[in-house]
Amino acid sequence: MIQMDQNARKIRNQDINPCIEESDDSQKCLNAYNYDKSMCSTYFQRYKNCRKYWHNIMVQRRRDGVKPDMPTAAERLEMLTSLGGKPY
């Protein structure tokens, strides 16, 4: 069995990467449209918005001294639920 390298594990770790769903959706779109990027711009924008949103949360938590910098997957779910869904 081949083990994933450390970076690949980080990318797939829901506690580290809050945008796995958006990343997967972008990849699925590319696969569906034979890598025609023009057909997937909505997915790419959603991914960028997700990264920007959670980056800003992480920066604010770091400023406030909250650890860990990135909320866990469970904390993020609570945050999104209280907002009524994803704001991006």
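The exercises below, each with a worked solution, concern the aromatic residues and the nonpolar core of a predicted model.

**Exercise 1.** Determine whether W54 is buried or exposed, and list the residues that W54 touches.

*Solution.* Begin with the relative accessibility of W54, which is 1%. Buried means under 20% relative accessible area, so W54 counts as buried. Next, turn to the contacts: leaving aside residues up to four places away in sequence, W54 touches P18, C19, M70, P71, R76, M79, L80 and Y88. Finally, look at how R76 is placed, since R76 lies over the face of W54, at 5.9 Å from the ring centre.

**Exercise 2.** Identify the residues of the largest nonpolar core, and state which helix gives the largest share of this core.

*Solution.* The largest nonpolar core has seven residues, namely C19, C50, W54, I57, M70, L80 and Y88. Helix α3, which spans residues 41–64, supplies the largest share of this core, with three residues.

**Exercise 3.** Classify the two aromatic pairs that the structure holds.

*Solution.* Take Y53 and W54 to begin with: their ring centres are 4.9 Å apart and their planes stand at 90 degrees, so this pair is edge-to-face. Then take Y53 and Y88, whose rings form a tilted pair, with 5.5 Å centre to centre and 45 degrees between the planes. This tilted pair links distant parts of the chain, given that Y53 is in helix α3 and Y88 is in the segment after α4 (73–83), 35 residues apart. As a last step, combine the pairs: Y53, W54 and Y88 form one aromatic cluster.

Notes
Residues are numbered from 1 along each chain as its sequence is written. This is a predicted model: local features need pLDDT of at least 70, side-chain atom pairs count only at pLDDT 80 or more; totals for chains, interfaces and linings use all residues. Side-chain values use heavy atoms; hydrogens and water are left out. A nonpolar core is a set of buried Ala, Val, Leu, Ile, Met, Phe, Trp, Tyr and Cys residues joined through side-chain atoms within 4.5 Å. Buried means under 20% relative accessible area, exposed over 50%, partly exposed in between (1.4 Å probe, protein chains only). Helices (H or I, at least four residues) and strands (E, at least two) are DSSP runs, numbered from the N terminus. Contact means heavy atoms within 4.5 Å. Rings of Phe, Tyr and Trp (its six-membered ring) pair if their centres lie within 6.5 Å; planes under 30 degrees apart count as stacked, over 60 as edge-to-face and the rest as tilted. A charge sits over a ring if NZ of Lys or CZ of Arg is within 6 Å of the ring centre and within 35 degrees of the ring normal.
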